[in-house]
Amino acid sequence: MKTVVIIGASGVVGSRVLAHLLDREEVGRVVALGRRLLDVQHAKLVSKVVDLQNATEMAGEIPDDVAVAICCIGTTRKQAGSKEAFRAIDRDAVVAFGRAGLQKGAQRFLVVSSIGANPRSKNFYLKTKGQAEEALAQLGYPQLTIVRPSFLDDRGARPEFRLGERIALPLARAIFFVVGKKRRYAPIAADVVGKALVRLAFDDATEPVRIVESDQLHAIGG
Ligand SMILES: NC(=O)c1ccc[n+]([C@@H]2O[C@H](COP(=O)([O-])OP(=O)(O)OC[C@H]3O[C@@H](n4cnc5c(N)ncnc54)[C@H](OP(=O)(O)O)[C@@H]3O)[C@@H](O)[C@H]2O)c1
């Protein structure tokens with residue numbers, strides 16, 4: 001039985017990852033860290049409040065037998081309030097969690113990044129995501145899996161109103177209905193990402209760094 005630690009389990013993708021993790025027979029325990037307790041109750045689940053900026057504090061809450069660490073956190077510049085506050089979550093907290101998991105002996109780290117992530121991008125969001133990926137790759141996990149979903153098709157799961165997504169999603173759904181919905185830039189359901197990520201967490205990958213693009217996520221989690 002494996003122990004998994006996760007951050008971001010209250011989010012749109014993270015909650016789907018959590019549900020699929022709890023369904024897996026080989027998962028004996030899931031420890032979810034975050035800024036608030038989860039409202040999910042399950043015999044395998046332990047929810048703990050921690051400071052996600054603090055690797056030492058996170059490591060203190062990660063069990064010694066942890067096998068897999070999964071990162072699903074993320075914010076937006078609007079939600080966070082500034083570029084710095086966005087970077088503090090989407091890059092710094094992600095990497096701090098990476099350090100904490102490695103310190104406790106996790107063998108595999110999986111992170112939800114984004115399509116187009118690139119540390120040299122002129123786009124601030126994609127650059128930050130790319131910087132997080134780059135820093136994680138340098139930590140030296142035996143196996144790091146980076147998943148890069150396209151637009152999340154949350155189907156009303158997100159309580160917050162995001163104007164760009166409300167306009168872009170119906171348009172993207174229509175376009176990809178015509179050109180084929182498994183193309184790389186096609187919107188992807190959070191549940192498909194969650195299912196794919198959990199399958200990837202327990203497959204026999206051995207390459208030190210693997211990047212899984214959105215079209216592959218459709219194939220793995222669809
Ligand atoms: N939306 C898209 O179309 C899209 C596309 C590609 C990639 N992505 C990426 O996919 C990942 C997951 O996205 P999502 O839509 O599932 O995100 P989400 O629903 O907004 O969930 C974000 C998670 O991060 C946590 N979080 C945010 N700010 C925090 C803070 N300051 N301190 C502690 N925890 C914080 C949230 O915790 P609380 O519940 O406590 O707020 C929640 O668990 C993100 O990295 C996102 O950038 C998104």
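How far is the sulfur of Cys71 from the closest cysteine sulfur? Keep that in mind as you open the viewer, and remember throughout that this is a predicted model.

**Stop 1: the two cysteines**

Select Cys71 and Cys72 and show their side chains. The closest cysteine sulfur to that of Cys71 belongs to Cys72, and it sits 6.6 Å away, too far for a bond. A disulfide here would need the two sulfur atoms within 2.5 Å. Cys72 is likewise in no disulfide, its nearest cysteine sulfur being that of Cys71. The structure as a whole holds zero disulfides. Now add a surface: Cys71 is buried, with a relative accessible area of 0%, and Cys72 also counts as buried, at 12%.

**Stop 2: helix H5**

Next, select residues 124–139, which form helix H5. Its 16 residues reach 23 Å from the first C-alpha to the last, close to the 22 Å expected at 1.5 Å a residue.

Begin at the N-terminal end. Here Asn123 acts as a cap: one of its side-chain oxygens lies 2.9 Å from the backbone nitrogen of Tyr125. Then go to the other end, where Gly140 follows the helix with a positive phi, near 90°.

With both ends in view, colour the buried residues of H5: Phe124, Leu126, Thr128, Lys129, Gly130, Ala132, Glu133 and Leu136. As a reminder while you look down the axis, an α-helix has 3.6 residues a turn, so residues three or four places apart point the same way. To see what covers the buried residues of H5, switch on helix H3 (77–80), helix H4 (83–103), strand E5 (108–112) and strand E6 (143–148), which are among the elements that do so.

**Stop 3: Lys129 inside H5**

Stay on H5 and centre the view on Lys129. Is this lysine buried or exposed? Lys129 is buried, at a relative accessible area of 7%. Show its surroundings: setting aside residues up to four places away in sequence, Lys129 touches Ile73, Asp90, Val112, Ser113, Ser114 and Ala117. For a sense of scale, draw a distance from the C-alpha of Lys129 to that of Arg210; the two are 81 residues apart along the chain and separated by 15 Å.

**Stop 4: the cavity**

Lys129 also leads to the next thing to look at, since it appears in the lining of the largest cavity. The structure holds one cavity of 30 Å³ or more, and the largest cavity encloses about 50 Å³ of space. To display its walls, select Ile73, Asp90, Val94, Val111, Val112, Ser113, Lys129, Ala132 and Glu133. Which helix or strand gives the largest share of this lining? That is H5, with three residues. H4, E5 and H5 each supply at least two.

**Stop 5: Arg108 on strand E5**

Follow E5 to Arg108, which lies in that strand. Arg108 is buried, with a relative accessible area of 8%. Its side chain reaches the backbone oxygen of Leu200 at 2.5 Å and the backbone oxygen of Ala201 at 3.4 Å. Beyond its neighbours within four places in sequence, the contacts of Arg108 include Ala67, Val68 and Ala69, Tyr141 and Gln143, and a run from Leu200 through Phe202, Asp203 and Asp204, as well as Arg210. If you would like another distance to draw, try Gln216: it is 108 residues from Arg108 in sequence and 19 Å away in space, C-alpha to C-alpha.

**Stop 6: helix H7**

Leu200 and Ala201, just visited, are among the buried residues of H7, so select residues 190–201. This twelve-residue helix reaches 16 Å from its first C-alpha to its last, close to the 16 Å expected at 1.5 Å a residue. How many of its twelve residues are buried? Nine are, and H7 is mostly covered. Besides the two already named, Ala190, Val192, Val193, Gly194, Ala196, Leu197 and Val198 are buried.

**Stop 7: His218 and Glu25**

Move on to helix H8 (residues 214–221) and pick out His218. This histidine is buried, at 9% relative accessible area, and its side chain reaches the backbone oxygen of Pro187 at 3.4 Å.

Finish with Glu25, in the loop between helix H1 (12–23) and strand E2 (27–34). Glu25 is exposed, with a relative accessible area of 71%. A last line from its C-alpha to that of Gly130, 105 residues along the chain, spans 33 Å.

Methods:
Residues are numbered from 1 along each chain as its sequence is written. This is a predicted model: local features need pLDDT of at least 70, side-chain atom pairs count only at pLDDT 80 or more; totals for chains, interfaces and linings use all residues. Side-chain values use heavy atoms; hydrogens and water are left out. Helices (H or I, at least four residues) and strands (E, at least two) are DSSP runs, numbered from the N terminus. The expected span of a helix is 1.5 Å times one less than its number of residues. Buried means under 20% relative accessible area, exposed over 50%, partly exposed in between (1.4 Å probe, protein chains only). Contact means heavy atoms within 4.5 Å. A polar contact is a pair of N or O atoms within 3.5 Å; within protein, one must be able to donate a hydrogen and the other to accept it, and residues adjacent in sequence count only if both atoms are side-chain atoms. On a 1 Å grid over the protein atoms alone, a cavity is a set of points where a 1.4 Å probe fits but cannot get out, and a pocket is an open set with protein on both sides within 12 Å along at least five of seven lines; lining residues have an atom within 4 Å of a point. Grid points are joined across faces, edges and corners, and a volume is the space filled by probe spheres set on the points.
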